[in-house]
Amino acid sequence: MVLISVVWYLSFFTPPHTKLDDVRFIDKWVHIIMYGGTCGAIWFEYLRKHTYPNKKKLFLLAWMAPIVMSGAIELLQEYCTGGRRSGDWLDLAANATGVTLAALFGILAAKSHPRG
């Protein structure tokens, strides 16, 4: 929940300008890492607490829900921030990439997950 709250906060505050702004596609890399880390934490916590993982629940919670949340955030940025932030379909694609990469690692972790 903390990571999800951080994602929401970072999605609506005005970021300061830094030297990293000159790095090509830095914004997209940040999105991949932010959503990949959040999704990875969901996988880790779910596998830690469940001996027999429910694949459908993992798909919904750790892959689909973060992508839907990302789409909602992009729409809110576009239409509800008075121009302070803008929605970007490439941000959504970067978020989906991060979530999918984390899911791939999660699937590998689930396959090696010890069964009780």
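## A four-helix chain and its helix α4

Asp 91 is buried, with a relative accessible area of 5%, and this residue has its place in helix α4. The model described here is a predicted one, and Asp 91 serves as the starting point for a description of helix α4 and of the chain around it.

Although Asp 91 is buried, its side chain is joined to that of Lys 28 by a polar contact of 2.6 Å. Leaving aside residues up to four places away in sequence, Asp 91 touches Asp 27, Lys 28, His 31 and Glu 74.

### The chain as a whole

The protein chain holds 4 helices and 0 strands, and from the N terminus on its elements follow the order α-α-α-α. The C-alpha trace spans about 50 × 30 × 20 Å along its principal axes. Of the 116 residues in the chain, 32% are buried, while the accessible surface comes to about 7,900 Å², with 71% of that area belonging to carbon and sulfur atoms. When contacts between residues at least 6 apart in sequence are considered, 77% of them join residues at least 24 apart.

### Helix α4

Helix α4 covers residues 89-111. Its 23 residues should span 33 Å at 1.5 Å a residue, and because its end C-alpha atoms are 33 Å apart, the expected and the modelled lengths agree. At the start of α4, a side-chain oxygen of Asp 88 comes to within 2.9 Å of the backbone nitrogen of Leu 90.

Which residues of α4 are buried? They are Asp 91, Leu 92, Ala 94, Asn 95, Gly 98, Val 99, Ala 102, Ala 103, Gly 106 and Ala 110, and the buried residues of this helix pack against α2 (26-49) and α3 (55-80). In general, an α-helix has 3.6 residues a turn, so residues three or four places apart point the same way.

The helix also contributes to the surface, for Leu 101, Leu 104, Phe 105, Ile 107 and Leu 108 make a nonpolar surface patch of about 510 Å². Phe 105, which is found in helix α4, counts as exposed because its relative accessibility is 61%, where exposed means over 50%.

### Beyond the helix, and a loop residue

Ser 112 is found in the segment after α4, and with a relative accessibility of 58% this serine counts as exposed. The side chain of Ser 112 reaches back to the backbone oxygen of Ala 109 at 3.1 Å. Between the C-alpha atoms of Ser 112 and Lys 57, which are 55 residues apart along the chain, the separation is 18 Å.

Elsewhere, Phe 25 lies in the loop between α1 (2-12) and α2, and this phenylalanine is exposed, with a relative accessible area of 51%. Most residues other than glycine have a negative phi. In Phe 25, however, phi is near 60°, a positive value in a residue other than glycine.

The table below gathers the accessibility of the individual residues discussed above.

| Residue | Relative accessible area and class |
|---|---|
| Asp 91 | 5%, buried |
| Phe 25 | 51%, exposed |
| Ser 112 | 58%, exposed |
| Phe 105 | 61%, exposed |

Taken together, helix α4 has buried residues that pack against α2 and α3, and Phe 105 and Leu 108 are among the residues that make the nonpolar surface patch.

Conventions. Residues are numbered from 1 along each chain as its sequence is written. This is a predicted model: local features need pLDDT of at least 70, side-chain atom pairs count only at pLDDT 80 or more; totals for chains, interfaces and linings use all residues. Side-chain values use heavy atoms; hydrogens and water are left out. Helices (H or I, at least four residues) and strands (E, at least two) are DSSP runs, numbered from the N terminus. Buried means under 20% relative accessible area, exposed over 50%, partly exposed in between (1.4 Å probe, protein chains only). A polar contact is a pair of N or O atoms within 3.5 Å; within protein, one must be able to donate a hydrogen and the other to accept it, and residues adjacent in sequence count only if both atoms are side-chain atoms. Patches are made of residues with over 30% relative accessible area and no salt bridge: like charges are joined within 9 Å, nonpolar side chains (Val, Leu, Ile, Met, Phe, Trp, Tyr) within 5 Å. Accessible areas come from the Shrake-Rupley method with a 1.4 Å probe; for residues, only the protein chains shown count as cover. A salt bridge is a side-chain nitrogen of Lys or Arg within 4 Å of a carboxyl oxygen of Asp or Glu. The expected span of a helix is 1.5 Å times one less than its number of residues. Contact means heavy atoms within 4.5 Å.
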